[in-house]
Amino acid sequence: MRGIRASSLLLFGVVLIQLLAAQTDAQGPKSKWQTLTGFSPRVIARGGFSGLFPDSSIDAYNFAMLTSVPDVVLWCDLQLTKDAAGICFPGMTMSNASTVEAAYPNRTNTYLVNGVSTQGWFTVDFSLKDLSKVNLIRGILSRSERFDGNGYSIMTVQDLNTQLKPQGLWLNVQHEAFYAQHNLSMTTFLTTTFKTVIIDFISSPEVNFFKKIAGRFGREGPTFVFRFLEKEAFEPTTNRTYGSILSNLTFVKTFASGILVPKSYVLPLDDKQYLLPSTSLVQDAHKAGLEVFVSGFANDADIAHDHSYDPVSEYLSFVDNGNFSVDGVLSDFPITASASVECFSHMGRNATKQVDFLVISKNGASGDYPGCTDLAYAKAIKDGADVIDCSVQMSSDGTPFCSSSIDLGNTTMVAQTTFRNRSTNVPELSSVGGTYTFSLTWPEIQTLTPAISNPYRTYNMFRNPNERNAGKLVSLTDFLNLAKNSTSLSGVLISVENAAYLRENQGLDVVKAVLDTLTETGYTNITTKKVMIQSTNSSVLVDFKKQSKYETVYKIEETIRDVLDSAIEEIKTFASAVVIVKSSVFPDSEGFVTVQTNVVERLQKSQLPVYVEVFQNEFVSQPYDFFSDATVEINSYVTGAGVNGTITEFPFTAARYRKNRCLGSKETPPYMAPVQPGGLLQVVSHASLPPAEAPNPVFTDADVTEPPLPPVSAKPPASTPGTPSTPSTNAPAPSGQTRLTLSLLLSVFAMVLASLLLL
């Protein structure tokens with residue numbers, strides 16, 4: 001059995017949370033909470049921090065205590081071995097979350113469990129000594145397998161108590177009747193154990209179990225909690241459905257002080273995963289004198305679309321919705337539950353900012369609506385963005401408008417219209433054909449239906465399907481007028497790409513179009529709204545800098561590990577800020593952060609603010625180090641790495657983060673401290689480490705320098721719809737030395753042409 005000393009040393013040495021910050025009890029006044037007792041809701045860690053480590057392992061329990069509220073309750077699914085030892089294991093059959101199958105391949109059995117024939121490796125067939133050869137592993141396959149090789153032993157209740165000394169202990173007894181059939185008594189085990197172990201809560205889905213243990217613990221005994229399973233399921237000892245028992249809470253009160261229910265009992269969902277109106281269960285239970293605990297919280301599981309893949313929003317809908325508060329939440333990720341309760345509850349939309357950084361939208365609130373539409377921009381403003389962005393594209397008639405891609409097939413339903421016949425092959429822009437913005441007029445583009453981005457559809461994760469085609473594309477003029485009329489925005493960011501191609505091949509000058517539109521809409525060089533011009537091409541920013549005094553932002557789209565001083569000095573000649581990708585701050589290997597680079601620090605020392613993109617709420621977008629929680633990720637970049645701004649598809653999450661009251665505390669609690677880069681990998685056994693990867697490149701001045709943009713060519717005659725245009729052989733590279741060489745050739749050609757005209 002692994003001892004607490006070795007495990008604690010390991011975790012303390014690597015812990016992702018900076019635990020020098022003292023744990024502070026941030027409980028608010030009783031009057032703030034609509035719980036039965038008036039105190040803040042309990043955070044119950046199901047199997048410890050089981051969203052990361054194997055359920056019920058020593059590190060799962062230890063990490064839950066280190067990263068949660070001080071009074072976090074540790075949940076143990078109590079099972080009995082054939083020699084009556086009480087162990088913590090998520091089920092009475094063991095193949096799903098342990099190595100029992102490898103240790104005892106021939107020890108399967110079949111039993112009736114609540115009348116259902118069930119096959120597997122049952123705890124009742126093994127002694128505690130037998131199980132010393134069995135280790136704990138992940139039970140949910142979508143979670144990381146890297147900790148499976150750590151050799152976690154199965155813990156007894158006594159192990160958990162003596163090694164960890166938890167502030168709260170919850171024993172869940174799921175199958176008391178089954179164990180009784182095998183001459184094992186849960187009642188005897190619990191009453192005996194209670195003499196040496198403080199048990200705070202005991203739950204069970206079986207009514208008769210509570211009748212058996214009634215009066216066995218005295219006045220200072222544990223709180224009894226009746227666990228409701230799915231409404232259609234039958235409670236085995238009364239042969240009534242849980243739905244029918246729910247209608248008689250006064251009956252439940254005769255043997256229990258609380259109830260534990262799935263999330264859907266309180267906030268049901270429709271068949272599309274949208275919230276339905278809340279039930280009156282919490283209020284009804286409180287009237288009956290019952291506390292309400294809710295199960296099913298996991299950051300890496302499906303949640304209602306209403307929450308935009310943000311687990312903090314989901315927690316708040318149960319604990320701080322203005323109408324009721326549940327009395328506790330059962331979570332696989334107790335760090336998120338802790339922060340939701342103690343940092344984000346009772347905050348209010350007008351709460352004071354506790355940390356200052358720019359919240360910049362990415363195509364508006366494109367996580368909730370099709371990007372670059374009126375609805376996406378309106379929501380970004382409402383959600384608290386400081387700056388909204390427009391990626392400028394050009395129509396064939398020279399109208400600048402906002403779209404995240406020059407290929408309309410990536411952002412609209414153009415493939416379902418007759419305009420699909422205008423698809424062309426343009427190797428300079430893509431290796432596959434596309435229907436490009438410069439192939440349609442602006443009136444034609446306005447007829448297109450926008451499409452929401454679903455970057456993680458391969459994981460069966462879809463954004464706001466009810467609004468997947470909502471809104472309309474907006475011109476740059478409309479975008480700028482919308483921003484100008486907003487009192488909350490501090491500025492706009494205009495992104496310009498493909499300027500060289502558009503000038504040379506399509507006769508379209510996007511730089512001039514942007515400058516003209518800014519002037520026409522009243523964005524002079526001296527304006528109340530900040531204007532930022534962003535590009536990956538230094539030549540574009542040089543052109544803007546020559547013609548205006550707008551702030552210029554250089555985007556480094558490559559993942560880099562460092563940047564040379566000479567490159568920084570070159571950037572400063574044409575840009576006043578820099579955008580980098582997230583992995584240039586925290587590079588990762590197979591889902592684990594490896595280190596923190598010094599890129600942010602080096603750029604900031606040269607007075608270049610650093611904005612980082614792109615932040616998304618979906619847990620699959622984040623390394624495991626951030627616990628499947630977008631707020632933890634943002635906190636690590638802002639408080640940990642010190643970035644000046646986040647570029648996000650979900651502005652609400654970032655805007656809410658900077659107002660949370662834990663950031664204003666004298667001592668930052670562990671659930672609001674930034675992660676320690678590379679810490680999680682140190683908890684992984686050496687044999688399970690991901691393979692080493694080649695280091696990312698260093699950004700040099702050769703990657704920055706570009707000659708001027710080519711002149712605007714005469715616009716080529718319109719090609720017949722469906723006929724591929726002839727691609728130019730001089731495709732501008734996105735960055736680097738190849739881009740420099742091509743630009744030099746263009747510049748030489750332009751000089752030769754000019755000299756011939758003078759002859």
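This report walks through the salt bridges, one helix and the confidence of a predicted model.

**Confidence**

Let's start with how far the model can be trusted. The mean pLDDT of the protein is 91, and 90% of its residues reach 70 or more. Two stretches call for care. Over residues 1–6, pLDDT stays under 50, and the model has 18 contacts beyond four places in sequence for them. Residues 720–759 also have pLDDT under 50 throughout, with 53 such contacts beyond four places in sequence. Where pLDDT is low, the predicted coordinates should not be read in detail.

**Salt bridges**

Side chains of opposite charge can pair when their charged atoms come close. The structure holds 27 salt bridges, including the three pairs in this table.

| Pair | N to O distance | Separation in sequence |
|---|---|---|
| Arg46 and Asp332 | 2.7 Å | 286 residues |
| Asp300 and Arg143 | 2.7 Å | 157 residues |
| Arg463 and Glu649 | 2.6 Å | 186 residues |

Take Arg46 and Asp332, whose side chains meet in a salt bridge. This pair links distant parts of the chain, with Arg46 in strand 1 (residues 42–46) and Asp332 in the loop between strand 15 (328–331) and helix 12 (334–344). Asp332 counts as buried because its relative accessibility is 5%, and the cut-off for buried is under 20%.

Next come Asp300 and Arg143, which also meet in a salt bridge. Asp300 lies in the loop between strand 14 (291–297) and helix 11 (311–319), while Arg143 sits in the loop between strand 6 (135–136) and strand 7 (152–153), so their pairing ties together parts that are 157 residues apart in sequence. Both Asp300 and Arg143 are buried.

How are these residues connected? Arg46, Asp55, Arg143, Asp300 and Asp332 are linked in a network of salt bridges.

In another salt bridge, Arg463 meets Glu649. Here the link runs from the loop between helix 14 (442–446) and helix 15 (476–484), which holds Arg463, to the loop between strand 27 (645–648) and helix 22 (651–657), which holds Glu649. Both Arg463 and Glu649 are buried.

**Helix 13**

Which residues of helix 13 (residues 374–382) are buried? They are Ala376, Tyr377, Ala380 and Ile381. Because these residues cover an arc of only 135° around the axis, they lie on the same side of helix 13. Their cover includes strand 16 (358–361), strand 17 (387–394), strand 18 (400–402), helix 15 and helix 22. After helix 13 comes Gly384, whose phi is positive, near 105°.

Key:
Residues are numbered from 1 along each chain as its sequence is written. This is a predicted model: local features need pLDDT of at least 70, side-chain atom pairs count only at pLDDT 80 or more; totals for chains, interfaces and linings use all residues. Side-chain values use heavy atoms; hydrogens and water are left out. A salt bridge is a side-chain nitrogen of Lys or Arg within 4 Å of a carboxyl oxygen of Asp or Glu. Helices (H or I, at least four residues) and strands (E, at least two) are DSSP runs, numbered from the N terminus. Buried means under 20% relative accessible area, exposed over 50%, partly exposed in between (1.4 Å probe, protein chains only). The arc is that of the directions from the helix axis to the C-beta atoms. Contact means heavy atoms within 4.5 Å. pLDDT is the predictor's confidence in each residue, from 0 to 100.
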